[in-house]
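Work through these exercises with the model open beside you. Try each task before you read its solution.

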Amino acid sequence: MHLCRSLSALLLLSVILHRQASAQNTIFLSEGKIEFEKKINLYARMDEDNSWSELEKKAMPQFKTTYFDLLFTRNKSLYKPGRENTDNNKIWEQPAEENVVYSDLDNGRSVSQKKIFEQLFLVQDSLRRIKWKITDETRVIAGFNCRRANAIIMDSIYVVAFYTDEILTPGGPESFTGLPGMILGVSLPHQHLTWFAIKVQAVKVADTEITAPQKGKKVTNPVLKQTLQESLKQWGKEGRYYIQSALL
Amino acid sequence: MPRLITLLLLGFILSYPVFAQSVPANQGTATPSLPANNGPSILIKGKIKDTLENKTLSNASVLLLRQTDSILVQYTRTDKAGNFTLSHIPAGHYLFLVTYPAYADYADSLIIKDTADISLPPIALILKSKLLEEVVVNGSKGAIHIKGDTVEFRADSFHTQAGATVEDLLKKLPGIQVDRNGKITAQGEKVQKVLVDGEEFFGDDPTLVTQNLRADMVDKVQVFDKKSDQAAFTGIDDGQRSKTINLKLKNSKKNGYFGKVTAGAGTDGYYDEQVMLNLFKNKKKLALYGILSNTGKTGLNWQERDKYGQSFSGMADYDENTGNYSVNVPDNDLETWDGRYGGQGFPTVKTAGLHYNDKWDDDRQSLNGNYKVMQLGVNGSSSTSSQFILPDTLYYNKERQTFHNQILRHSIDGSYEVKFDSTSSVKIMADGGTDHKTTGSSYSSQALASDSSLVNQNTRTVSSLSDNRIVNSNIMWRKKLPKKGRTLSVNIRENYAQNTSLGFLNSATSFYSAGVFSHDSLIDQSKSYHTQNTLLDSKITYTEPLSKTSFLSANYGLSVNNSSSDRSSFNKSSDGKYTALDSLYSNNYQFNIFTQQGGLSYMLVKKKLRFSAGTNLGFTSFHQRDLLADTTGQRKFTNWYPQASFSYSFTNQRRMNLQYSGYTNQPTVQQLQPIRTNEDPLNITIGNPGLKPQFGNQVRLSFFDYKVLTDRSIWANISYGFTQNAISSRVDVGSSGQRVTQSINVNGNHNFNANIYYDFKWRAPDLHIGFFTELNQSRNVSVVNDLLNKTNSGNYQFGFNIYKTKEKKYEINVHAAATYTQSNSSINTGICTDYWSYNFGPAMDVFLPLKFQVHTDFDISLRQKTPVFTTNNNVVILNAWIGKKFLKNDALLIKAAGNDLLNQNIGFNRTVNSNFISENTYSTIKRYFMFSIVWNFTKAGTPAPTNGN
């Protein structure tokens with residue numbers, strides 16, 4: 001693994017190299033800030049039989065990239081939109097694309113603020129329970145050795161996640177948690193959607209920096225699902241896609 | 001390498017279980033307690049230490065997985081002393097896994113019986129670096145030497161079994177190995193990433209996912225060294241490469257045809273026969289159609305076009321600089337959006353069309369072509385009542401017309417686009433066509449003075465035989481330069497149109513003075529017209545990014561627009577032949593415009609805000625030459641083309657937009673040519689060679705708000721426009737009732753428009769309700785009998801729509817609108833035209849059992865009478881049909897329809913402008929019944945399943 005520590009990370013580089021050299025002094029992170037790169041494959045989502053698709057492709061890149069920051073302490077995390085990508089200014093914004101997610105990992109609660117069309121929702125619910133299947137596959141993400149786990153969420157969505165045990169906080173981007181360490185990579189292969197950490201900073205995070213969002217219409221996930229299904233029932237395939245994205 | 005050893009080690013300790021299907025829901029997350037299982041549960045205790053130094057390891061991860069499927073049941077971390085505790089463990093077979101950074105994983109199976117807590121002996125982990133020294137790893141063997149950066153394998157060349165996975169395919173490729181854990185080695189190096197069409201492929205877990213990527217879906221396998229993400233991100237090559245495989249998928253296999261046959265026979269000689277067919281093979285599409293009909297159908301409607309003709313999307317283009325889409329619909333007077341004849345009279349059509357398109361070379365090249373032929377005959381009659389308002393008096397005019405027109409049209413168009421690489425492309429478009437037209441009309445008219453005394457009477461026949469030819473072409477080259485946002489494009493356009501016509505005018509007019517016959521005027525002429533227009537236009541555009549969000553764009557172009565119009569009128573000579581040139585109604589004119597134009601514009605594209613502003617400056621010179629009088633003239637104009645727009649998106653569904661544009665319209669050769677046209681001898685037009693370009697300004701503010709979740713929307717627009725040197729008219733009406741019209745430039749024309757649409761869903765009864773209101777006001781300045789005439793017109797409309805649908809049961813739609821129109825002219829303020837008109841249209845579809853469907857719609861128009869419009873024009877049109885669907889997929893429809901059941905339809909038009917008000921009614925299709933059969937057929941090869949949703 002000393003072969004290819006990606007340099008992208010690290011303020012932490014020296015720490016990690018040190019950690020390599022002397023394993024007994026391994027430093028485990030229990031607070032810090034992670035920058036995630038979220039990528040959507042816009043072309044894959046297009047309807048191949050729609051004659052307008054070819055034209056839409058000219059108007060947008062294959063991948064839409066957005067950035068999110070995840071602030072974490074030992075038992076809490078806050079995921080929120082990060083730096084702006086000006087390439088997206090011409091691309092249509094979709095519902096629930098700029099979520100703020102607060103996770104209380106000890107108590108299994110989460111508060112997510114989601115802008116879905118005209119309505120700002122505040123989803124207060126328990127953390128998503130995911131039945132993770134641990135595998136033996138590993139890869140290095142942002143300088144951290146990660147292990148792969150697979151799961152199915154929301155009855156049908158296949159999730160591939162990579163977590164590191166070098167970070168003690170059992171959190172992750174959006175609603176993905178529940179592995180014995182920090183999730184630094186998530187892919188929903190059939191939704192053509194990925195989140196990968198590109199930078200991990202070992203910075204001090206004050207408790208006051210991680211607070212649940214307050215604004216928005218208070219709902220739970222089942223209520224949100226029902227609301228969206230009622231409103232988008234005549235939207236066909238597009239509507240189902242929006243509902244699915246909003247509930248992730 | 002270390003990972004390999006980990007695996008080896010794991011392999012020794014246990015082999016990972018074969019994953020099994022479905023799992024009972026019971027999952028431990030984190031250290032907090034597991035939901036209590038029924039029955040006793042167990043506590044596991046242990047300690048983790050380092051083998052070498054015999055030190056305890058804190059923060060080691062301890063995972064308990066279910067043995068059958070590796071689902072994580074519970075996990076914890078060791079404390080400072082290396083101790084851990086897992087509590088509330090239900091009895092069962094488990095896999096016990098310990099991980100620690102830089103140490104090899106420890107795994108063991110663990111059977112828990114519900115009898116006693118377990119205290120494990122201390123577990124010692126081994127540093128991976130230590131392991132490396134002890135295990136000799138075989139180097140890769142049989143490395144194959146491959147040239148170039150990329151090695152590409154064509155998947156079809158390697159035989160795989162039906163249903164084989166991608167891994168099975170990769171195993172067959174030389175230089176590629178796949179181990180039993182799915183790890184891939186290419187050319188001796190471990191493959192870091194597998195991409196599918198550029199997107200990372202993670203490999204599907206067959207126990208979780210049923211959709212899998214199959215070998216037969218792969219077209220090509222490309223193996224290459226990918227630069228590190230860091231290098232790609234910063235642009236600085238750090239020299240790191242990772243072996244990458246990209247799987248290019250095949251285009252979905254499609255091969256088949258579909259089509260539609262309609263046969264309809266009606267009462268009163270009505271018929272409607274249509275055949276449409278679409279043949280497709282992969283990306284090739286060949287479509288054709290034929291229509292024989294006299295019910296108004298003259299071509300494909302927009303839904304049919306997508307399937308059986310040139311789709312609208314195929315005519316559209318996207319401009320990367322402005323972010324705008326544009327649709328280049330060829331200018332065609334006979335082709336309408338709904339594929340139906342829109343004019344007066346009874347149309348009889350025979351038409352056919354052919355469409356072909358194809359894409360190849362990985363979609364880098366595309367070709368598109370169309371051919372159409374149409375023979376359209378239209379016969380009919382119309383009558384017009386008009387009122388001319390003069391300063392001191394007014395005239396009423398009534399005219400009846402019957403007409404017989406025929407046109408034979410051939411048209412062809414095509415486009416070819418080639419993308420040389422990701423940065424440059426060329427698109428070539430061309431179209432051309434011929435029209436052969438014969439027209440014949442006969443008129444009779446009568447003009448009355450305000451006291452109803454006869455002023456004049458006219459009967460005439462006008463016929464012509466004309467041929468048009470057009471050839472248009474356009475070539476566009478676009479190039480993206482290395483700096484992001486820097487682009488260059490060149491566009492060259494050519495238009496050519498030529499018209500030749502030969503016609504005859506035969507007219508007899510009697511003039512009366514104070515109701516008493518005064519004199520006659522007879523015209524018997526032949527007309528020979530020859531007009532031609534050639535346009536050549538070039539434009540080069542360069543865009544330079546000023547920042548990530550702002551751009552400056554410069555353009556420069558030259559344009560030559562040459563027109564000639566040779567119009568000759570001949571009277572009969574003594575030999576009875578039309579050889580004597582009538583110079584009053586003859587002229588040969590050339591009008592050439594040369595324009596040099598350049599400009600700058602600035603554009604800002606932020607997430608919520610967009611702004612652009614700029615102007616072009618054009619130097620235009622007119623060369624006008626009268627060949628008959630042998631005079632020439634040259635005039636020069638400086639024209640501005642300013643544009644500005646500002647838009648703000650409060651959210652995706654709420655936007656406002658403010659736009660300004662200034663534009664110049666050049667006069668046409670018909671407006672300039674100093675010739676009198678006497679096709680209607682009581683309505684003569686004269687050209688004006690001194691006409692200047694008009695400059696219009698339009699400001700528009702619009703607002704749009706759509707609430708998706710509550711289904712409520714608001715559209716609102718306000719626009720205001722004013723024109724300098726507006727091309728208007730000067731009208732002289734003599735005491736004989738004869739009008740002479742000439743185009744002149746005026747100032748003071750302006751228009752104002754405001755509208756608002758409000759739609760919402762009334763949730764409880766599930767009704768969609770919409771209200772709308774629209775307001776139009778305009779002022780037109782003209783000169784009437786040497787007096788400046790300002791006409792103020794207004795048009796105010798409001799109405800509503802109600803829509804309700806119940807899937808597979810019924811659909812009801814009601815719309816209603818009321819319109820108030822008023823107009824008055826400054827030359828005679830005593831006369832004010834104002835009237836109301838109402839429109840009401842309920843429609844209903846009911847879906848009955850046994851695949852019966854009943855449709856009915858009303859269109860009720862009520863129009864108030866005025867002093868001019870004295871006839872009753874209230875019309876109730878009722879259409880209805882009943883149909884039944886048969887066969888699989890409802891492929892066959894049998895339908896009986898009644899058109900205009902009450903036999904009330906009339907063609908109708910009211911025009912209120914300046915000092916001229918008229919009402920036109922014309923013959924149109926009325927009541928008939930038709931029985932028709934529609935058969936949809938299809939044979940399509942099953943497309944290969946695609947990866948993903």
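**Exercise 1. The cores**

Task: Which residues have the most contacts inside the largest nonpolar core, and how many residues does that core have?

Solution:
- Step 1. Keep in mind that this is a predicted model.
- Step 2. The largest nonpolar core has 73 residues. A:Ala161, A:Leu184 and B:Leu65 have the most contacts inside this core.
- Step 3. Look for the main contributor. Strand β9 of chain A, residues 157-164, gives the most to this core, with six residues.
- Step 4. Take A:Ala161 and leave out residues up to four places away in sequence. A:Ala161 then touches A:Ala149, A:Gly172, A:Phe176, A:Leu179, A:Ile183, A:Gly185 and A:Val186.
- Step 5. Another core, of 18 residues, lies apart from the largest one. B:Leu169, B:Ile176, B:Val196 and B:Ala215 are among its residues.

**Exercise 2. Profiles of the two chains**

Task: Tabulate secondary structure, burial and contact separation for chain A and chain B.

Solution:
- Step 1. Count elements. Chain A has five helices and twelve strands. Chain B has six helices and 50 strands.
- Step 2. Check burial. In chain A, 45% of the 248 residues are buried. In chain B, buried residues make up 21% of 949.
- Step 3. Take contacts with a separation of 6 or more. In chain A, 55% of them join residues 24 or more positions apart. In chain B that share is 61%.

**Exercise 3. The two sides of a helix**

Task: Which residues of helix α4 of chain A are buried, and which exposed residues sit on the face turned away from them?

Solution:
- Step 1. Helix α4(A) spans residues 221-231, and its buried residues are A:Leu224, A:Leu228 and A:Ser231.
- Step 2. These residues cover an arc of only 65 degrees around the axis, so they lie on the same side of α4(A).
- Step 3. Turn to the face away from the buried side. A:Pro222, A:Gln226, A:Gln229 and A:Glu230 are exposed there.
- Step 4. Find the cover. The buried residues of α4(A) are covered by elements of chain A including β6 (119-126), β12 (217-219) and α5 (236-247).

**Exercise 4. Strand pairs in chain B**

Task: How many bridges join β16 to β17 of chain B, and how many join β17(B) to β18?

Solution:
- Step 1. Strands of a sheet pair through backbone hydrogen bonds, either parallel or antiparallel.
- Step 2. Strands β16 (residues 255-266) and β17 (residues 271-281) of chain B run antiparallel, with eleven bridges. B:Asn255 stands opposite B:Lys281 in β17(B).
- Step 3. The two strands form a hairpin with four residues between them. In the turn, B:Asp268 has a positive phi of about 55 degrees.
- Step 4. Ten bridges join β17(B) to β18(B), residues 284-293, again antiparallel. Here B:Asn278 stands opposite B:Ala287 in β18(B).
- Step 5. The hairpin of β17(B) and β18(B) has two residues between the strands. B:Asn282 takes a positive phi near 50 degrees.

**Exercise 5. An open sheet**

Task: In what order do the four strands of the open sheet lie, and which are the edge strands?

Solution:
- Step 1. The order is β3-β2-β5-β6 in chain B, with antiparallel pairing.
- Step 2. β3 (72-77) and β6 (106-112) of chain B are the edge strands, since each pairs on one side only.
- Step 3. Neighbouring strands of this sheet are turned by 20 degrees against each other on average, direction ignored.
- Step 4. Zoom in on one pair. Seven bridges join β5(B), residues 92-99, to β6(B). B:Gly92 stands opposite B:Ile112 in β6(B).

**Exercise 6. Positive phi in loops**

Task: Where are B:Lys851 and B:Asp900 found, and why do they count as partly exposed?

Solution:
- Step 1. Most residues other than glycine have a negative phi.
- Step 2. Phi of B:Lys851 is positive, near 60 degrees. B:Lys851 is in the loop between β44 (832-848) and β45 (852-863) of chain B.
- Step 3. B:Lys851 counts as partly exposed because it has 14 C-beta neighbours inside 10 Å.
- Step 4. Phi of B:Asp900 is positive, near 50 degrees. B:Asp900 lies in the loop between β47 (892-899) and β48 (907-913) of chain B.
- Step 5. B:Asp900 has 18 C-beta neighbours inside 10 Å, so B:Asp900 counts as partly exposed.

Key: Residues are numbered from 1 along each chain as its sequence is written. Chains are lettered from A and ligands numbered from 1 in the order in which they are written. This is a predicted model: local features need pLDDT of at least 70, side-chain atom pairs count only at pLDDT 80 or more; totals for chains, interfaces and linings use all residues. A residue is buried if 20 or more other C-beta atoms lie within 10 Å of its own, exposed if 12 or fewer, and partly exposed in between; C-beta atoms are placed from the backbone. The arc is that of the directions from the helix axis to the C-beta atoms. Two residues are in contact if their C-beta atoms, placed from the backbone, lie within 7 Å. Two strands pair if DSSP finds at least two bridges between them. Axes are lines fitted to C-alpha atoms, for helices over the stretch in contact, and angles run from 0 to 180 degrees between N-to-C directions. A nonpolar core is a set of buried Ala, Val, Leu, Ile, Met, Phe, Trp, Tyr and Cys residues joined through C-beta atoms within 7 Å.
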